[in-house]
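User: Take me through one part of this model in detail. Start with what it packs against, then work outward to a second element.

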Amino acid sequence: MGLYVLLTLEIVGQVLAAGLALRLARVAGKLAPWGGVGAAIGVLVLWQIADVARIATGSMVAPTYGAQVEDLILSLLLLLGLALMLRRFHATQQVSARAWRHDRRLRSLIENSLDIVTVLDAHATILYASPSTERVLGYDPETLVGRSVFDLVHSGDLTRVRDFLASRVSTPGVAPLIECRIQRIDGRWRHFEVAGNNLLDDPTVHAIMVNARDVTQRREAEERLHASERRFRRMVENSWDVFAMVSSEGAFEFISPSVKRVLGYDPADYVGRPIFEFVHPDDVLKLGEALRDILSEPGRSVSVELRGRNASGEWRWLDAVGTNLLDDPAVGAVVGVFRDKTERRRTEEALRSVTEGVSGATGKEFFHSLVVMLTQVLGVEYAVIAEWPGEDSDRIHTIAVCAAGEVLEDFDRPLAGSPCAGVLASRTCSYPGGVREEFPDDRLLAEFEVESYLGTPLLDSSRQVIGVIAVLGKQPLAEEQLVRSTLEIFAPRAAAELERSRAEEALRRSERSYRALVEHAMYGIFRSTPEGRFQSVNPALVSMLRYESEREVLELNLAQDVYVDGAVRDSLIEEHREADQIVGVEAEWKRKDGTPFTVRLSGRPVREAGGEIVAFEMIAEDVTERRALEDQLRHAQKMEAIGQLTGGIAHDFNNLLTVILANADMLEQGLPDGDGEFVEDLTDLRRAAQRGSDMVKKLLGYSRRGMIALRPLNIATVIANLLPTMRRILPENIEVRFLPRASEAVIRADEGALEQILFNLATNARDAMPDGGVLRIEVSHVLLDEGHQTVRGWGGSSGEYVYVVVTDTGHGMDAETKERIFDPFFTTKPTGLGTGLGMAMIYGLVKQQEGYIDIHSEVGKGTSVGLYFPLAPDDEAGVGQEEVEAGAPRGTETLLLVEDEDAIRRAAKRLLERVGYTVLLAADGEEALDVFGRYETDIDLVITDMVMPHVGGLELHNTLRDRGKTVQFLFTSGYAGDADEESSLDPSLPFLQKPWDVDELLHRVRGLLDRPVA
């Protein structure tokens, strides 16, 4: 019985041990080598259980106690093995926990990464996609599992990606980076850098791990950088200026491709060679001094004019500027820019020669001198100036023709089939060669054997074509641009002379017609004795002398009652005592009320048989009005000619000042902190440019080409507001008296122009009263009637005017000074104390505002300047003035800049782009229309010059308006009188006067962009 109990206990223990061993064997199978040990223990336990079963059934003899002891020892060993296995199992659990925590950290990194992590099989099928896939591409990662990665790759990159993955399948390990485009869920393509790791041989992974990083922004930034580099490279390569980099030793390190166009050399011909090899021997010393000056300090710029050799061996005049940028690590060289100025220099020499040749000539003498000088200076065989009666005429008449230095007789020639027809269409026509082939029916070209032709129209003051000036050669034109520039410069002078000659001829025709009327008793006719008694008079003479009847006149004595100075009559009789006829003798007569007037006397002395004079039969013509008109005409012609000249100079000077001011501002903004000396230099430069701008405004005011805004103004209020400021510029010993006798008078004028007029008059009065005195300003009403112009020689339509008279008690002026008071640059002040533009500017500003100016002055009695302004209509309202914000506003809009001056175009583009704008460029109106057509939806504002070749700014505006385009416009110009009267600018349109500075331009641009489009 004890044996069986022992066996039973053994069996139960062994069964429990076997069950535990089998479980351990199943778990430990994953933890080699303990899995084998567990399995062996399980087998032994099962073998013991079988023995117990056989003993129980009697099929086996019960074991002895010794055998049982052995079994007990075996059981103890079994328990010991189980204990060891439990200890190992516990260690395995700890390792598994650490692995689980590591796996969790890796998964967290993958799920929160900005990169996309995917797991692919060998066939590029997606087995796993990280959560970042949704953030970057918009896809749910689960939806991508099972899809081919090739479905997301751009077709243009597909072959490269397939090859990449194929190479990865066959090559274990990490692959090099590859870039491709992958499509987002919204259809957009993004650039990615892709890296792969082949882990197909790893039995625990058996996949390809792929990392993809979005580099779209980096690629776009790189592309913008490359585009910017390409843009600047193209600017350098296509510029007519040549850019060069020179070492400190004076050797070329780089030169732009434009040198091929300018001098004919390849850039490679320069690199490594000294700059002195290409310079004229006489200019080497000058270039060396300039280089030493440049190298004397970092950042220093020096300009020099010298001659450079081109590829054909010809010496060309160059304008060069060098800047020391050796300390700039991005440059490390002296940067030079030069341009060919040979043609400009030749043009200047040609202009100087022609100008000297025609100086002082007028009429026929001027035209003959001009054509002779043109043939000599331009090296052509023929030069011609011809006038055109107008559109009704199909012929032109020459007024000066030079052939081989000889002036020919004038002749008519038909327009049909000649190059002059194109010129009269108001444009310059050039045929550098082959002109006879172009016009085979022109017999004059064939007769003169002409091969080349260049002509330009002559325009009168109203911009109408009145003639043509042209040169013709037997050889092709070698210097077409020189010829073109010379003709276009002298065309206005020739046109003005032609217009003046026509005016004189018209005046002569008028005089002949007037004489015919006199012969029909329209003039005074009388007979008188040598002693001065009237014997007979006609009604016209009675009316001329303002007497009531013929009887009153017959009682008069010529010397005492008619002549202002009786001695003049005696001298006239003595002078013509032996003459048979008296023609056109002028004398000063007086009317009944004592008013003097000028008469022109013509007639004959009546003689006795012995030759003694017994009477005079005379015709008296009142020429007071005509003399006044002639004086006015001569004065107006002189002022208009000078005005045209000064206006043209001011226009070009304004363009130069615009470039100087804009670039000075940008240079100052670009200077690093600490460059105080250069800031001071730029400040001096800008101050000098502003002084030039002020002088230009005076020139424009004189030439009546400045932009003014006429609006109703109470002139007494304007003067009253100005008095405190005016008193500050006057010394205390000058008393100011203001008498507003017409305090409610309203005129149409520009307030700024009025202030400028009054300030200049106050300044002149101050200078005229160094010891003190009284400055009197009076405002009153005055009526100008029809007889005013007859008496005074000036004035307009009759009506009521506002009369502003400024009077001083200074030293006054003599007659000669008063005669020249309105001439530009005429001044009586010491050198350096006056520009001579003050009164000239006043004259121009008064005329611009439809007014008149009159001056009375006597030496020692002071000067009185009277200003006449027409009254404004009662129903006109004032016009507000724009306010400009302070600061330099920025913007991101797109602007179309239309400017035919290259330097202005470049400067304006840089400064606008610097504050954020995108700038499109056009050199004239035609190009602007093309650019607008391509970028219409992007353009927010058009900035355009008023006058340009082909299509001007106003025509561009009107063309776009007619097409229904409502884009904003800002007009600019050197003066407001660029265009003809039909093309003048509407005052309601935005206008910016040149020269503008950076702040002024940016404020106007920002203000227009912020204003709603009408």
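**Helix H19, then strand S7**

Analyst: In this predicted model, the buried residues of helix H19 pack against four elements: strand S19 (524–528), helix H18 (558–562), strand S21 (582–590) and strand S23 (613–622). Which residues of H19 are buried? In this helix, spanning residues 566–575, they are Gly 566, Arg 569, Leu 572 and Ile 573. Viewed down the axis of H19, the buried residues fall within an arc of 115°, so they line one face of the helix. The face turned away from that buried side carries Glu 574 and Glu 575, both exposed.

Now strand S7, residues 242–246. Its covered face holds Val 242, Ala 244 and Val 246. Phe 243 and Met 245 sit on the uncovered face. Why the alternation? In a regular strand, side chains alternate between the two faces of the sheet.

S7 pairs with strand S11 (residues 333–340) in the antiparallel sense, over five bridges. S7 also pairs with strand S8 (residues 252–255), again antiparallel, over three bridges. Ala 244 takes part in both pairings. In S11, Gly 336 stands opposite Ala 244. In S8, the bridge partner of Ala 244 is Ile 255. Ala 244 also belongs to the covered face of S7.

How do S7 and S8 connect, and what is notable in the turn? They form a hairpin, with five residues between the two strands. Gly 250 lies in the turn and has a positive phi of about 90°.

Technical notes. Residues numbered from 1 in each chain as written. Predicted model: local features only at pLDDT ≥ 70, side-chain atom pairs only at ≥ 80, totals over all residues. Heavy atoms only, no water. Buried < 20%, exposed > 50% of the residue type's maximum accessible area, 1.4 Å probe, protein only. Arc of directions from axis to C-beta. Contact = heavy atoms within 4.5 Å. Pairing = 2+ DSSP bridges.
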